[in-house]
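Here are some notes for a colleague who is opening this structure for the first time. Please keep the model in view while reading the points below.

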Amino acid sequence: AHQVETLTLEQLMKQGKVGYEKNCAACHQVTGLGIPPVFPALKGSAIALGDIQQHVEIVINGKAGTAMGAFGEQLTATELAAIITYERNAWGNNKGDSIQPAEIVSFKQAQGE
């Protein structure tokens, strides 16, 4: 397995903002307020403020029956980690937690990918 970099919260936030605006903002909006009910807000959301593993699962696998697509194959582990970290800490969410690319890789491996 190749070595996956470890990033600071600051690095994750910086990369996450770019990745979010490129991949997520069309639906969830730059403000994180979404366009309810089709595209839920991420600002103050139960997912962004809740269990990080559940947050990872939705971003990687999408959510059946909703407009939320799966990004696990479209984005790198670093992009996924940065975007998820950004969503948890932007717009006043301020969870203060982060997820590393290695954790994304482990999550995907655990799913048998």
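1. A word on angles is needed before the helices are discussed: an angle of 65 to 115 degrees between two axes counts as roughly perpendicular. Please also bear in mind throughout that this is a predicted model.

2. With that range in hand, consider helices H5 and H6, whose axes come within 8 Å and cross at roughly 110°. Because that angle falls in the range from 65 to 115 degrees, H5 and H6 are roughly perpendicular to each other. On the H5 side of their contact are Ala77, Thr78, Leu80, Ala81 and Ile84, and these meet Pro101, Ile104 and Val105 of H6. Sorted by class, the residues of this contact are seven nonpolar, one polar and no charged.

3. Which elements give two or more residues to the largest nonpolar core? That core has 23 residues, and those with the most contacts inside it are Tyr20, Val56, Leu80, Ile99 and Ile104. The elements in question are helix H1 (9-23), helix H4 (52-61), helix H5 (77-89) and helix H6 (101-110). Of these, H5 gives the most, with six residues.

4. Helix H4 deserves a separate look, since its buried residues are Ile52, His55, Val56, Ile58, Val59 and Ile60. What covers these buried residues includes helix H3 (46-49), together with H5 and H6. Val56, which is among the residues with the most contacts inside the core, touches Ile84, Ile99, Ile104 and Phe107 when residues up to four places away in sequence are not counted. After H4 comes glycine 62, whose phi is positive, near 75°.

5. How many disulfides does a search of the whole structure find? The search finds zero, and for cysteine 24 the nearest cysteine sulfur, that of cysteine 27, is 8.7 Å away. A disulfide requires a pair of cysteine sulfur atoms within 2.5 Å, so the 8.7 Å from the sulfur of cysteine 27 to that of cysteine 24 is too far for a bond.

6. Are these two cysteines buried or exposed, or in between? Cysteine 24 is buried, with a relative accessible area of 11%, whereas cysteine 27 is partly exposed, with a relative accessible area of 29%. The two values are assigned to these classes because buried means under 20% relative accessible area, exposed means over 50%, and partly exposed lies in between.

Conventions:
Residues numbered from 1 in each chain as written. Predicted model: local features only at pLDDT ≥ 70, side-chain atom pairs only at ≥ 80, totals over all residues. Heavy atoms only, no water. Core = buried A, V, L, I, M, F, W, Y, C linked by side-chain atoms within 4.5 Å. Buried < 20%, exposed > 50% of the residue type's maximum accessible area, 1.4 Å probe, protein only. Helix = DSSP H or I, 4+ residues; strand = E, 2+ residues; numbered from the N terminus. Contact = heavy atoms within 4.5 Å. Axes fitted to C-alpha atoms, helices over the stretch in contact; angles between N-to-C directions. Parallel < 35°, antiparallel > 145°, perpendicular 65-115°, else oblique. Nonpolar A, V, L, I, M, F, W, Y, C, P; charged D, E, K, R; others polar.
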